[in-house]
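Dear colleague,

I am handing over the structure that follows, together with an account of what was found in it. Please read the notes with the model open beside them.

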Amino acid sequence: MADRQNQTRPNSTTTASSFLRRLHEHAPHSTQLMGFLTLIVSGAILLLLTGATVTVTLLGIIFFSPLIILSSPIWVPIGGFLFVITAGFLSLCGFGVAAAAVASWIYRYYRGLHPLGSDRVDYARSRIYDTASHVKDYAREYGGYLQTRAKDAAPGA
């Protein structure tokens with residue numbers, strides 16, 4: 001009977017050794033450990049640099065705000081002027097690039113080199129031509145009808 005009790009109840013040393021074995025199986029390798037350590041150190045350094053940057057920025061705003069306020073009548077118009085000049089220059093460059101691209105496409109289209117999208121232009125041109133010819137035929141067909149109706153409405157006309 002005593003033998004059965006020993007067999008059914010696990011030993012505390014057996015449980016501890018199986019726990020340590022499982023813990024050892026899931027333990028990180030040395031490369032993973034170095035990766036975690038590097039992550040922690042670099043995160044701490046970046047956090048320290050972020051704090052220093054925020055502190056210096058706030059102190060600069062506090063100390064230089066009187067100078068900024070006193071000289072703002074000069075800086076605000078200069079900033080607005082520089083913004084307008086920069087926006088105008090960038091839009092001019094953008095329109096120039098777009099015009100050059102369009103001119104290049106048109107040149108290749110009329111030279112017969114079939115640039116990208118030329119099939120759509122040809123299709124649209126044929127659709128416009130077909131629609132115009134249908135409208136012309138319709139006007140010929142029903143134009144006489146409208147003239148006779150107008151003569152019926154005003155016989156002296």
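Before turning to single residues, one cut-off has to be stated, since much of what follows depends on it: a residue is called buried under 20% relative accessible area, exposed over 50%, and partly exposed in between. By that rule Y110, with a relative accessible area of 67%, is exposed. Please also keep in mind throughout that this is a predicted model.

Overall fold

The protein has 4 helices and 0 strands, and, read along the sequence, its elements follow the pattern α-α-α-α. Of its 157 residues, 3% count as buried, while the area that the protein exposes comes to about 14500 Å², with carbon and sulfur atoms supplying 71% of it.

The annotated spans

The UniProt record, which is an unreviewed entry, places the feature "transmembrane region" at residues 36-69 and 81-107. In the model, residues 36-69 are 100% helix and 0% strand, with the C-alpha atoms at the two ends 48 Å apart. The span of residues 81-107 is likewise 100% helix and 0% strand, and its end C-alpha atoms lie 39 Å apart.

The aromatic cluster

Which rings are linked into a cluster by ring pairs? They are those of W105, Y109 and Y110, and a search of the whole structure finds 2 aromatic pairs. In the pair formed by W105 and Y109, the ring centres are 5.2 Å apart and the planes stand at 5°, so this pair is stacked; the cut-off behind that reading is that planes under 30 degrees apart count as stacked. W105 and Y109 both lie in helix α3 (residues 30-110), where they are 4 residues apart, about one turn of the helix. As for their surroundings, W105 is partly exposed at a relative accessible area of 22%, whereas Y109 counts as buried at 13% relative accessibility. The rings of Y109 and Y110 have their centres 5.4 Å apart and their planes at 75°, so that pair is edge-to-face. Y109 is therefore a buried residue whose ring pairs with that of Y110, and Y110 is itself exposed.

Other features of helix α3

A nonpolar patch on the surface is formed by M34, L37, V41, I45, L46 and L49, which together have about 580 Å² of accessible area. One of these residues, I45, is found in helix α3 and counts as partly exposed at 47% relative accessibility. S71 is also found in helix α3, but this serine is buried, with a relative accessible area of 16%. The side chain of S71 reaches the backbone oxygen of L67 at 2.8 Å.

The loop and the start of helix α4

Where is H114 placed? H114 lies in the loop between α3 and α4, and the residue has a positive phi of about 50° although it is not a glycine. H114 is exposed, with a relative accessible area of 62%. S118, by contrast, is found in helix α4 and counts as buried at 5% relative accessibility. The side chain of S118 reaches the backbone oxygen of P115 at 3.0 Å.

The salt bridge

Side chains of opposite charge can pair when their charged atoms come close. How many salt bridges does a search of the whole structure find? The search finds 1 salt bridge, and D122 forms it with R125, the closest N and O atoms being 3.7 Å apart. The cut-off that admits this pair is a nitrogen-to-oxygen distance within 4 Å. The two residues are 3 residues apart in helix α4 (residues 118-153), so they are separated by about one helical turn. D122 is partly exposed, with a relative accessible area of 33%, and R125 counts as partly exposed as well, at 48% relative accessibility.

In short

For a first look at the model, I would suggest opening the cluster of W105, Y109 and Y110, then the loop that holds H114, and finally the salt bridge between D122 and R125.

With best regards

Definitions and conventions
Residues numbered from 1 in each chain as written. Predicted model: local features only at pLDDT ≥ 70, side-chain atom pairs only at ≥ 80, totals over all residues. Heavy atoms only, no water. Phe/Tyr/Trp six-rings, centres within 6.5 Å; stacked < 30°, edge-to-face > 60°. Buried < 20%, exposed > 50% of the residue type's maximum accessible area, 1.4 Å probe, protein only. UniProt positions renumbered as here; feature names shortened; annotations may be inferred. Areas by Shrake-Rupley, 256 points an atom, 1.4 Å probe, with all protein chains shown as cover. Salt bridge = Lys/Arg side-chain N within 4 Å of Asp/Glu carboxyl O. Patch = residues over 30% accessible without salt bridge, like charges linked within 9 Å, V, L, I, M, F, W, Y side chains within 5 Å. Polar contact = N/O pair within 3.5 Å; in protein donor to acceptor, adjacent residues only side chain to side chain.
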